[in-house]
Amino acid sequence: MISNVFVKIQQELEYLRRAQILSIIPIEKYVKYMLHLFSKAMGMPSGGEIVLPKEITRRYLSNLSNISMTPINETFSKLERDGIIREDDGIISILDHVLLDEQVSVFSSVVGGNRDA
C-alpha cells in the first residue's frame, strides 16, 4: 500500500504529465526526477542507501508517467552504471541520492513553483 506522501507525488507527476512537461524536458531527466521525488519522500537513511517500496517499480513509473518502458529501461541502465541506483529483484535502491539530487536540480527549479500545492 502506498502512503499519502506517495499519493501526493503521484498527483504532482500527473500534473506535470498533463502540463506536457515532457515536451520541453528530456525523458531521462524526468525519470530521474521521479526517482528523486520518491527518494526524498523516504527520508534520509542511516546508511546512505534509500530503498524504495516494492510498489515503486519500472512498470509503475512507466504507467505513472505515460512513458514507454524503453526509455525507462535505458535510464535505469545508465543510473546503475553510474552507481546511482541498484535494482535487485525489482526493488529499487538509491545509492547516491546526492548525485541524483544534483542531476535533477535544474529540472526541480523549472517545475518547482509552477503551480500551487
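A residue counts as buried when its relative accessible area is under 20%, as exposed when that area is over 50%, and as partly exposed in between. The exercises below apply these terms to a predicted model.

**Exercise 1. Describe the overall make-up of the chain.**

Solution.
Step 1. Count the elements: the chain contains 5 helices and 3 strands.
Step 2. Place them in order along the sequence, which gives the pattern α-α-β-α-α-β-β-α.
Step 3. Consider burial: 39% of the 117 residues count as buried.
Step 4. Consider the contacts between residues at least 6 apart in sequence: 64% of them join residues at least 24 apart.

**Exercise 2. Determine whether the length of helix H4 agrees with the expected span.**

Solution.
Step 1. The expected span is 1.5 Å times one less than the number of residues.
Step 2. H4 covers residues 69-81, and its 13 residues should therefore span 18 Å.
Step 3. The end C-alpha atoms of H4 are 18 Å apart, which agrees with the expectation.

**Exercise 3. Establish how the buried residues of H4 are arranged around its axis.**

Solution.
Step 1. List the buried residues of H4: Met69, Pro71, Ile72, Thr75, Phe76 and Leu79.
Step 2. Recall a general rule: an α-helix has 3.6 residues a turn, so residues three or four places apart point the same way.
Step 3. Look down the axis of H4: its buried residues fall within an arc of 165 degrees, and they therefore line one face of the helix.
Step 4. Examine the other side of H4, where Glu74 and Arg81 are exposed.

**Exercise 4. Classify the crossing of H2 and H4, and describe their contact.**

Solution.
Step 1. The axes of H2 (residues 27-42) and H4 come within 9 Å and cross at roughly 70 degrees.
Step 2. Angles of 65 to 115 degrees count as roughly perpendicular, and H2 is therefore roughly perpendicular to H4.
Step 3. On the H2 side, the contact is made by Ile27, Glu28, Val31, Lys32, Met34 and Leu35. On the H4 side, it is made by Pro71, Ile72, Thr75, Phe76, Lys78 and Leu79.
Step 4. Sorted by class, the residues of this contact are 8 nonpolar, 1 polar and 3 charged.

**Exercise 5. Assess how far helix H3 is covered, and identify what covers it.**

Solution.
Step 1. Of the 8 residues of H3, 6 are buried, and the helix is thus mostly covered.
Step 2. These buried residues are Arg58, Tyr60, Leu61, Ser62, Leu64 and Ser65.
Step 3. Their cover includes helix H1 (4-18), H2, H4, S2 and S3.

**Exercise 6. Locate Asn66 and Asp89, and decide whether each is buried or exposed.**

Solution.
Step 1. Asn66 lies in the loop between H3 (58-65) and H4. Its phi is positive, about 65 degrees, although Asn66 is not a glycine.
Step 2. The relative accessible area of Asn66 is 59%, which means that Asn66 is exposed.
Step 3. Asp89 lies in the loop between strand S2 (85-88) and strand S3 (91-94). Its phi is also positive, near 50 degrees.
Step 4. With a relative accessible area of 84%, Asp89 is exposed.

**Exercise 7. Describe the surroundings of Gly48.**

Solution.
Step 1. Gly48 belongs to the loop between H2 and strand S1 (50-51).
Step 2. Its relative accessible area is 22%, so Gly48 is partly exposed.
Step 3. Gly48 and Asp96 are 48 residues apart in sequence, yet their C-alpha atoms are 7.5 Å apart in space.
Step 4. Setting aside neighbours within four places in sequence, Gly48 is in contact with Ile94, Leu95 and His97.

Conventions
Residues are numbered from 1 along each chain as its sequence is written. This is a predicted model: local features need pLDDT of at least 70, side-chain atom pairs count only at pLDDT 80 or more; totals for chains, interfaces and linings use all residues. Side-chain values use heavy atoms; hydrogens and water are left out. Axes are lines fitted to C-alpha atoms, for helices over the stretch in contact, and angles run from 0 to 180 degrees between N-to-C directions. Helices (H or I, at least four residues) and strands (E, at least two) are DSSP runs, numbered from the N terminus. Angles under 35 degrees count as roughly parallel, over 145 as roughly antiparallel, 65 to 115 as roughly perpendicular and the rest as oblique. Contact means heavy atoms within 4.5 Å. Ala, Val, Leu, Ile, Met, Phe, Trp, Tyr, Cys and Pro count as nonpolar, Asp, Glu, Lys and Arg as charged, and the others, Gly among them, as polar. Buried means under 20% relative accessible area, exposed over 50%, partly exposed in between (1.4 Å probe, protein chains only). The arc is that of the directions from the helix axis to the C-beta atoms.
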